[in-house]
Amino acid sequence: MEEELRYLWTMAASNGSSQRKVMKDIWLRCGGDEAAAVAEYARMETAGEVNRGRNSRAVSALTYARKLLMDGKRKGWLKG
């Protein structure tokens, strides 16, 4: 099951899905578990499965994943 989910996430990311879309998918599949969602997003970015347009401030994948999750919860595109 986990391999299938990683495959689906990788396909979504490689098909030009936005970072928000990828995080939303991860968030739902992790059942709203913040630590799991952040870890999986960071893993995918580190593996090159999610692309960040730029990283001019050299923010780590883990820090970026946390900020993306917080942004989603604050703006309401992540529920829970």
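**Exercise 1. Find the residues that R52 touches, and describe the setting of this arginine.**

Solution. Leaving aside residues up to four places away in sequence, R52 touches Q19, E45, V59, S60, A61 and Y64, where contact means heavy atoms within 4.5 Å. The model is a predicted one, in which local features need pLDDT of at least 70 and side-chain atom pairs count only at pLDDT 80 or more, while totals for chains, interfaces and linings use all residues. Residues are numbered from 1 along each chain as its sequence is written, and side-chain values use heavy atoms, with hydrogens and water left out.

The next step is to place the residue: R52 sits in the loop between α3 and α4, helices being DSSP runs of H or I with at least four residues, strands runs of E with at least two, both numbered from the N terminus. R52 counts as buried because its relative accessibility is 16%; buried means under 20% relative accessible area, exposed over 50%, and partly exposed in between, with a 1.4 Å probe and protein chains only.

Two polar interactions of its side chain can then be listed. The side chains of R52 and E45 are joined by a polar contact of 2.4 Å, and the side chain of R52 also reaches the backbone oxygen of V59 at 3.1 Å. (A polar contact is a pair of N or O atoms within 3.5 Å; within protein, one must be able to donate a hydrogen and the other to accept it, and residues adjacent in sequence count only if both atoms are side-chain atoms.)

**Exercise 2. Characterise the ring of Y64 through its partners.**

Solution. Begin with the charge: R52 lies over the face of Y64, at 4.3 Å from the ring centre, the criterion being NZ of Lys or CZ of Arg within 6 Å of the ring centre and within 35 degrees of the ring normal. Their C-alpha atoms are 9.5 Å apart in space, and the two residues are 12 apart in sequence.

Turn next to aromatic partners, of which the structure holds 1 pair. This pair is formed by Y41 and Y64 and is tilted, with 6.4 Å centre to centre and 35° between the planes. (Rings of Phe, Tyr and Trp, the last by its six-membered ring, pair if their centres lie within 6.5 Å; planes under 30 degrees apart count as stacked, over 60 as edge-to-face and the rest as tilted.) Because Y41 lies in helix α3 (residues 34–46) and Y64 in helix α4, the pair ties together parts that are 23 residues apart in sequence. Both Y41 and Y64 are buried.

**Exercise 3. Work out which helices build the largest nonpolar core.**

Solution. The chain has 4 helices and 0 strands, and buried residues make up 36% of its 80 residues. Its largest nonpolar core has 17 residues, those with the most contacts inside it being M23, Y41 and L69; such a core is a set of buried Ala, Val, Leu, Ile, Met, Phe, Trp, Tyr and Cys residues joined through side-chain atoms within 4.5 Å. Two or more residues each come from α2, α3 and α4.

For α2 (residues 19–29), the buried residues are Q19, V22, M23, D25, I26 and W27. Of these, M23 and W27 are touched by L69, whose contacts beyond four places in sequence also include E34, A37, V38 and L78.

**Exercise 4. Decide whether T63 is buried, partly exposed or exposed, and name its polar partner.**

Solution. T63 lies in helix α4 (residues 61–75) and, with a relative accessible area of 29%, is partly exposed. Its side chain makes a polar contact of 3.0 Å with the side chain of S60.
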